[in-house]
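Welcome to a short tour of a protein and its ligand. Have the sequence and the 3D view at hand, and follow along one region at a time.

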Amino acid sequence: MAVDFETSGSAAILRLNRPPVNAIAADLRQQLQAHLRAALADPKIERIILTGSEKIFAAGADAAEFDAPPIEPHLPDLVAEIEQSSKPVIAAIYGAALGGGLELALACRWRIAAPNARLGLPEVILGVVPGAGATQRLPRLIGIGPALQMVTTGKPLAPQKALSIGLIDAVEADPLAAALAQDLATLLARPLLAEAPNPPADKQAGIEARQSAARKMRGQDAPQRAADLIEMTSDTSFADGIKAEREAFLSLRQSPQCRALRHIFFAERAARTPGWLKKATQPASLQKTAVIGGGTMGAAIAWALDQAGLEVCVVEMDESAAERASSNLARLAAAGLKRGLLSQEAHDSALTRIIVQASFENLAETDIVIEAVFEDMAVKKELFAKLETAAPSAVLASNTSYLDIDEMASALADPSRLLGLHFFSPAHIMKLLEVVRASQTSDLALRAGFDLAEKLRKTPVITGVCDGFIGNRINFRMRESADILLLSGSIPTEIDEAMRAFGYAMGPYETQDMSGLDISWATRKRKAATRDPNRPYVKIADRMCESGRLGRKTGTGWYRYDMGGQMEDPMVEDLILEESRLAGVERRVIPEAEIQETLLLAMINEAAHILGEGMAASGADIDLVMVHGFGFPRWRGGLAWHADQIGAKSIHASLKKLAADEPVLWEIAPLITELAASGGSFASWTKSPS
Ligand code: COA
């Protein structure tokens with residue numbers, strides 16, 4: 001049963017019971033309505049209590065139902081029936097009351113939450129607006145300003161905050177007991193939100209909410225539509241507001257943005273420890289961790305581990321490096337304090353907790369070691385050989401971005417202990433974790449990687465061993481094609497603007513300036529000897545680096561930053577023009593659409609190579625990498641999802657045109673040819689066993 005019916009004296013308790021999250025699917029709505037009606041018809045019942053499990057009230061509408069036609073009873077009608085019921089209904093909320101779950105609670109006369117409750121309207125994160133009255137009831141309950149804040153950000157509130165703004169009536173350790181004890185007369189005297197007066201307008205709050213949503217949820221329609229609906233409440237009747245809300249909900253739920261956002265939501269959940277791995281292994285023990293190297297990356301990894309509640313030891317090669325590692329950690333702690341993420345006490349205790357040492361002593365009990373030393377194969381091999389004995393029972397992980405983990409593993413007597421855990425900078429913030437499965441990585445080591453991702457609340461994506469793994473490999477091709485556009489007629493601003501117009505928060509050149517041009521320069525130098533001589537190579541970035549233009553940190557890069565803000569630099573344009581001249585290229589005007597198309601085709605083609613080679617397991621994994629590691633707009637569903645919206649046939653035709661001029665650069669991935677011929681999609685593609 002999706003809803004259980006119990007009685008306690010003169011109270012009927014309707015308990016939502018549809019694991020795992022009490023999603024409000026058709027069966028739950030039907031049973032809730034039937035039980036409600038039964039309770040209303042029973043003369044012995046005086047009050048009705050709506051509750052869930054100890055962990056969850058309800059996670060909202062069933063997002064898996066969005067593609068199907070709506071099934072009766074519709075949630076807005078059920079919510080109205082609860083609100084209008086002749087006997088008072090009380091919400092006793094444990095755990096999350098989100099979306100439609102909170103809308104059910106808003107229809108109740110009284111809302112009591114447990115300390116573990118989280119109350120929110122996250123619909124905009126899935127590309128829709130609340131569809132069961134929240135945009136109309138909430139402003140009438142808490143005012144337009146706070147309602148805008150809640151609905152346009154989608155962020156849930158802790159119970160004390162919810163109490164302080166009047167969203168709930170009480171916080172109690174045992175909401176069910178409190179609901180049974182609540183005085184009936186008080187409940188009956190409570191006016192219904194549907195009949196409450198219009199709340200006063202708040203133009204300023206509307207402007208701020210829209211601006212903030214435009215910044216933080218760039219390009220997304222739902223937050224702006226939600227703001228419209230909430231603002232209406234100041235001068236529109238409840239009935240008209242509900243009608244407008246329903247229309248907006250139904251049209252948005254069919255929209256490409258909503259479909260894309262739902263795809264990412266479900267892909268994120270599917271990315272956790274795969275079922276086969278769970279079956280094959282026990283959960284990894286991950287209490288004691290060590291990070292080798294306390295530079296920017298190593299320190300941020302160590303910080304993330306500490307903040308996830310794990311014991312951390314940072315190992316450096318000598319005392320002065322250990323001191324630098326300690327100051328890197330202190331900087332991270334200070335930043336957390338400044339941003340209000342840490343109390344002074346938490347800040348101080350973290351810094352005393354994390355051990356920083358200049359030796360390999362005391363690692364014997366370590367469960368997992370992550371190396372984050374500089375990218376040098378010989379150094380890493382030597383290190384792992386040492387670690388094999390220093391940390392005899394630990395899973396060993398490399399944070400390399402490019403190096404061959406199979407080769408690294410060859411330094412070990414037991415290569416099955418090694419895997420790659422590729423973090424993205426800043427490692428304590430970025431959600432993506434590429435879990436690199438080398439040819440001999442054991443299931444046990446792989447499980448440790450997934451379990452660690454879960455502890456760190458990161459999105460793990462499994463990848464095979466190849467140069468750049470999934471994300472950097474795709475990004476490299478994007479940057480290569482952008483540089484070719486520079487040579488052919490574009491300037492960095494045009495390319496950055498084009499990609500921002502597509503939905504990126506920053507264009508590729510701004511991003512390079514932000515992260516520094518030197519790392520990829522070093523990679524290019526390292527690969528120079530093995531580069532395909534037939535592949536066009538643009539030297540502009542190398543020349544920038546040679547002249548000390550390494551990005552923001554040196555005050556100049558693709559832009560200049562030494563005169564306040566980011567400014568175009570005529571010297572960069574001169575350099576680009578000179579390179580075009582030297583290459584004998586006649587520059588032309590390249591329209592925005594062509595810039596977007598070229599960069600996307602380069603990425604899609606590389607993604608298809610990666611999939612075809614079995615380096616990534618699915619299009620959804622490619623999507624997670626690009627969204628969580630490389631700023632690909634979430635509302636476009638990720639790269640492979642976007643490719644499916646274009647269609648393999650059309651992609652193939654475009655690539656063919658490009659390949660006619662530059663066959664090496666645009667060598668079409670066999671998977672694209674296959675999908676174009678079969679009419680298939682990235683989403684439905686799975687590699688047939690070879
Ligand atoms: N509709 C359909 N399925 C949902 C769902 C929803 N609204 N919310 C969660 N699920 C599913 C998940 O896909 C997952 O399925 P799986 O086990 O097959 O992978 C399962 O329920 C558990 O969810 P998960 O997110 O892994 O659990 P959690 O304990 O980490 O988090 C919530 C629980 C409720 C906080 C979280 O699931 C959530 O935020 N859900 C979305 C809420 C929402 O956006 N509601 C508005 C819908 S319009």
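A polar contact here is a pair of N or O atoms within 3.5 Å. Keep that cut-off in mind for the ligand site, and remember throughout that this is a predicted model.

## Around the ligand

Let's begin with the ligand. Which residues are closest to the ligand? They are A59, A61, A63, R269 and R272, out of 16 residues that surround the ligand. Three of these closest residues have a polar atom paired with the ligand, as the table shows.

| Residue | Part of the residue | Ligand atom | Distance |
|---|---|---|---|
| A59 | polar backbone atom | nitrogen | 2.8 Å |
| A61 | backbone N or O atom | nitrogen | 2.9 Å |
| R269 | N or O atom in the side chain | oxygen | 2.6 Å |

How much of the ligand does the protein cover? Taken alone, the ligand exposes 860 Å², and 66% of that is buried by the protein.

The shell can also be sorted by residue class. It holds 12 nonpolar residues and four charged residues, with no polar ones. In terms of secondary structure, the largest contribution to the shell comes from helix 12, which spans residues 256-270 and supplies three residues.

## The six-stranded sheet

Now turn to the sheet. Six strands form an open sheet with mixed pairing, in the order 1-2-3-5-7-9. Which strands stand at the edges? Strand 1 (3-8) and strand 9 (170-171) do; each has a single partner strand, so one side of each has no neighbour in the sheet.

You can walk through part of this sheet pair by pair. Strand 3 (residues 47-51) runs parallel to strand 5 (residues 89-93), and four bridges join them. To find this pairing in the viewer, look for L50, whose bridge partner in strand 5 is A91.

Strand 5 in turn pairs with strand 7 in the parallel sense, again over four bridges. Here I90 is a useful marker, with W110 of strand 7 as its bridge partner.

The last step goes from strand 7 to strand 9, which run parallel and are joined by two bridges. A113 has V171 in strand 9 as its bridge partner.

Strand 7 (residues 110-113) is worth a second look for its side chains. W110 and I112 point one way, while R111 and A113 point the other way. Are these residues buried or exposed? All of them are buried, R111 included.

## A buried glutamate

E83 belongs to helix 2 (residues 75-83). With a relative accessibility of 3%, E83 counts as buried, because that value is under the 20% cut-off. Where does its side chain find a polar atom? A polar atom of the E83 side chain lies 3.3 Å from the backbone nitrogen of L193.

## Cysteines

How many disulfides does a search of the whole structure find? The count is zero. Two cysteines can be placed by their accessibility. C258 is buried, with a relative accessible area of 0%, and C545 also counts as buried, at 3% relative accessibility.

## Backbone details in the loops

Some loops carry backbone features that are easy to miss on a first pass.

Two of these features are cis peptide bonds. One runs from P19 to P20, with omega near 5°; P20 sits in the loop between strand 2 (11-16) and helix 1 (26-41). Another joins S425 and P426, where omega is about -5°. P426 is found in the loop between strand 15 (418-423) and strand 16 (432-436).

Positive phi values come next. N362 is not a glycine, yet its phi is positive, at about 60°. The loop that holds N362 connects strand 12 (355-357) and strand 13 (368-371). F469, likewise a residue other than glycine, has a positive phi near 50°, and lies in the loop between strand 17 (459-463) and helix 20 (471-488).

Is each of these two residues buried or exposed? N362 counts as exposed because its 71% relative accessibility is over the 50% cut-off. F469, by contrast, is buried, with a relative accessible area of 0%.

How values were computed. Residues are numbered from 1 along each chain as its sequence is written. This is a predicted model: local features need pLDDT of at least 70, side-chain atom pairs count only at pLDDT 80 or more; totals for chains, interfaces and linings use all residues. Side-chain values use heavy atoms; hydrogens and water are left out. A residue is near a molecule or strand if one of its heavy atoms lies within 4 Å of it. A polar contact is a pair of N or O atoms within 3.5 Å; within protein, one must be able to donate a hydrogen and the other to accept it, and residues adjacent in sequence count only if both atoms are side-chain atoms. Accessible areas come from the Shrake-Rupley method with a 1.4 Å probe; for residues, only the protein chains shown count as cover. Ala, Val, Leu, Ile, Met, Phe, Trp, Tyr, Cys and Pro count as nonpolar, Asp, Glu, Lys and Arg as charged, and the others, Gly among them, as polar. A disulfide is a pair of cysteine sulfur atoms within 2.5 Å. Buried means under 20% relative accessible area, exposed over 50%, partly exposed in between (1.4 Å probe, protein chains only). Two strands pair if DSSP finds at least two bridges between them.
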